[in-house]
Amino acid sequence: MAAPARRWARPGWGALALAFATGAVVASGQAPLGWWWLALPALALLIRRVGQAGRGAVWLAWFAGAGHYAAALNWIVEPFLIEPEVHGWMAPFAVVFLCFGLALFWAAAAFLGARGRWPGIGFAVALGGAELARGYVLTGFPWAALGHVWIGHAPMQVAALVGPSGLTLLTLLAAALVALWRPVPVVAGAALVAAGFGFGLWREAGPEPVAQGAVLRLVQPNAEQGLKWDPEQARIFFERQLDFTMAGDRPDLAIWPETSVPYLLEDYPEVAERIGAAGRGQPVAVGIQRVEGWRFWNSLAVIGPEGRVAQFYDKHHLVPFGEYIPFGDVLYDWFGLVAFAAQEGNGYSAGPGPAVLDLGPGLGKVLPLICYEAVFPQDLRGAPERADWILQITNDAWFGEWTGPYQHLAQAQLRAVEQGLPFVRVANTGVSALIDARGRVVESLPLGEAGFLDVVLPGALPPTPYVRLGEGPVLLLLAGLGAGLVLAGRRKAA
């Protein structure tokens with residue numbers, strides 16, 4: 001009776017450290033490195049090791065996942081270092097809890113995979129399902145998905161067919177086949193990768209859609225996060241954005257980043273008037289904080305020539321613990337706890353959901369996103385109608401200067417591929433960029449540079465299969481693979 005208990009025993013610390021390191025190497029496929037050629041063999045090695053470890057695989061997968069997220073999400077410490085004397089002590093706890101917490105998805109996948117005939121294949125399939133679930137559970141956090149190793153490379157185009165979860169599943173299957181280390185599966189895994197490259201190159205070579213023609217001005221003030229809300233510095237950054245908006249030839253639309261207006265328009269109507277005048281007869285889209293009573297919203301406002309807010313959009317997918325405290329309003333309603341209640345001004349309130357703004361002739365219909373919302377493909381699919389282009393305003397100063405901003409940009413590229421729409425992102429400190437409907441960065445302003453960029457809005461492609469079918473094909477594939485593995489295991493047991 002002791003054998004099963006031993007199978008669940010924790011492997012030695014050396015084995016766990018090796019798993020942690022292997023997971024970190026898998027993260028080399030994430031931006032800014034993008035080393036898929038290193039990440040894929042490391043993933044195959046990890047799958048093989050987990051597949052051979054029996055029930056101890058749960059521990060190996062857990063530590064490997066933690067290593068992956070520790071390397072990929074190292075930017076998570078940056079917000080705590082804005083005021084290190086106040087928040088710096090929390091940074092190590094944030095890294096440990098986030099990385100090992102997210103790695104529980106990997107551990108669960110190993111638990112399920114270990115119960116089948118081919119544990120390595122089972123782990124890969126279960127991890128594909130776990131990665132999909134990670135984008136939804138507890139409001140979701142689909143950052144640093146394994147399929148993201150293809151962003152910037154030809155196989156990224158596969159996301160137009162099956163979305164990011166399908167791209168992740170195909171990546172895992174290719175690695176799992178190689179992990180079997182027999183001629184036929186290895187060739188099959190290589191063929192799967194080659195097919196991804198072939199499809200991607202074919203799609204990238206397709207005819208370019210007719211450009212929409214509108215000239216957009218991307219305004220990047222480069223407001224350092226530690227100085228952004230200092231009254232004197234805030235005035236300087238605000239004036240800088242006005243100057244950039246008024247410089248040179250007049251664009252059809254000028255765009256400022258998230259929370260780029262440091263004043264409440266409700267209290268200072270003259271601020272909107274100055275922004276409207278800077279547009280010289282054309283609209284200006286700006287990031288604001290909007291207030292009604294005690295409630296605040298993180299919003300985008302389109303300001304017309306007279307300084308009137310013509311349209312606005314309220315961010316609806318908020319950052320837990322960053323922009324609001326989960327269940328904060330419930331705690332207030334039930335127990336009278338004010339400190340966490342958005343309805344009492346302690347955090348942002350969520351907007352009603354995805355929206356499409358009609359900016360009129362020339363500019364067409366735009367799907368607005370604010371910062372974090374760009375990492376959720378389901379939010380883009382949930383828009384009430386198909387837009388002509390996507391606009392993200394963001395403040396990536398929170399993410400540091402190495403990994404975070406580039407990973408955020410990479411996910412914008414993937415959203416463009418999935419939707420078949422051009423994607424415009426305007427970031428406080430960068431990277432502001434124009435991305436075409438195939439996910440290629442056409443023009444950009446580098447990180448840490450103040451300036452503006454005038455770009456011509458590219459054309460849109462027809463709705464992709466992913467737009468029409470969503471996660472349905474991937475869920476069917478996961479169900480089919482899972483059923484096949486279960487049946488194979490039963491035959492072996494019989």
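## Working through helix α10 and some neighbours

In this predicted model, P185, G189, V193, G196, G200 and R203 of α10 are buried. Let's put that list to work.

**Exercise 1.** Work out how the buried residues of α10 are arranged around the helix axis.

*Solution.* Start with the buried set: P185, G189, V193, G196, G200 and R203. They span an arc of only 100° around the axis, so they sit on the same side of α10. The general rule behind this kind of pattern: an α-helix has 3.6 residues a turn, so residues three or four places apart point the same way. Now flip to the face turned away from the buried side, where you'll find the exposed residues P183, V184, V187, L201 and W202. Last step: what does the buried side pack against? The partners are α3 (36-51), α9 (159-179) and α15 (404-419).

**Exercise 2.** Check the end-to-end reach of α10 against the expected value.

*Solution.* Count first: α10 runs over residues 183-204, which is 22 residues. At 1.5 Å a residue, 32 Å is expected. From its first C-alpha to its last, α10 reaches 31 Å, close to that expectation.

**Exercise 3.** Decide whether Q225 is buried or exposed, and list what it touches.

*Solution.* Locate Q225 first: it's in the loop between β1 (215-220) and α11 (231-246). Its relative accessible area is 8%, and the cut-off for buried is under 20%, so Q225 counts as buried. Then go through the contacts, skipping residues up to four places away in sequence: Q225 touches I82, N395, A397 and W398.

**Exercise 4.** Do the same for M246, then look at its separation from R280.

*Solution.* M246 belongs to helix α11. With a relative accessible area of 40%, M246 is partly exposed. Leaving out residues up to four places away in sequence, M246 touches R217, A278 and R280. Take R280: it is 34 residues from M246 along the chain, yet their C-alpha atoms are 7.4 Å apart.

**Exercise 5.** Classify how α6 and α7 are oriented, and describe their contact.

*Solution.* The axes of α6 (residues 91-102) and α7 (residues 104-113) come within 4 Å and cross at roughly 25°. Angles under 35 degrees count as roughly parallel, so α6 and α7 are roughly parallel to each other. On the α6 side, the contact involves F100, G101 and L102, which meet L104, F105 and W106 of α7. Sort those by class and you get 5 nonpolar, 1 polar and no charged residues.

How values were computed
Residues are numbered from 1 along each chain as its sequence is written. This is a predicted model: local features need pLDDT of at least 70, side-chain atom pairs count only at pLDDT 80 or more; totals for chains, interfaces and linings use all residues. Side-chain values use heavy atoms; hydrogens and water are left out. Helices (H or I, at least four residues) and strands (E, at least two) are DSSP runs, numbered from the N terminus. The expected span of a helix is 1.5 Å times one less than its number of residues. Buried means under 20% relative accessible area, exposed over 50%, partly exposed in between (1.4 Å probe, protein chains only). The arc is that of the directions from the helix axis to the C-beta atoms. Contact means heavy atoms within 4.5 Å. Axes are lines fitted to C-alpha atoms, for helices over the stretch in contact, and angles run from 0 to 180 degrees between N-to-C directions. Angles under 35 degrees count as roughly parallel, over 145 as roughly antiparallel, 65 to 115 as roughly perpendicular and the rest as oblique. Ala, Val, Leu, Ile, Met, Phe, Trp, Tyr, Cys and Pro count as nonpolar, Asp, Glu, Lys and Arg as charged, and the others, Gly among them, as polar.
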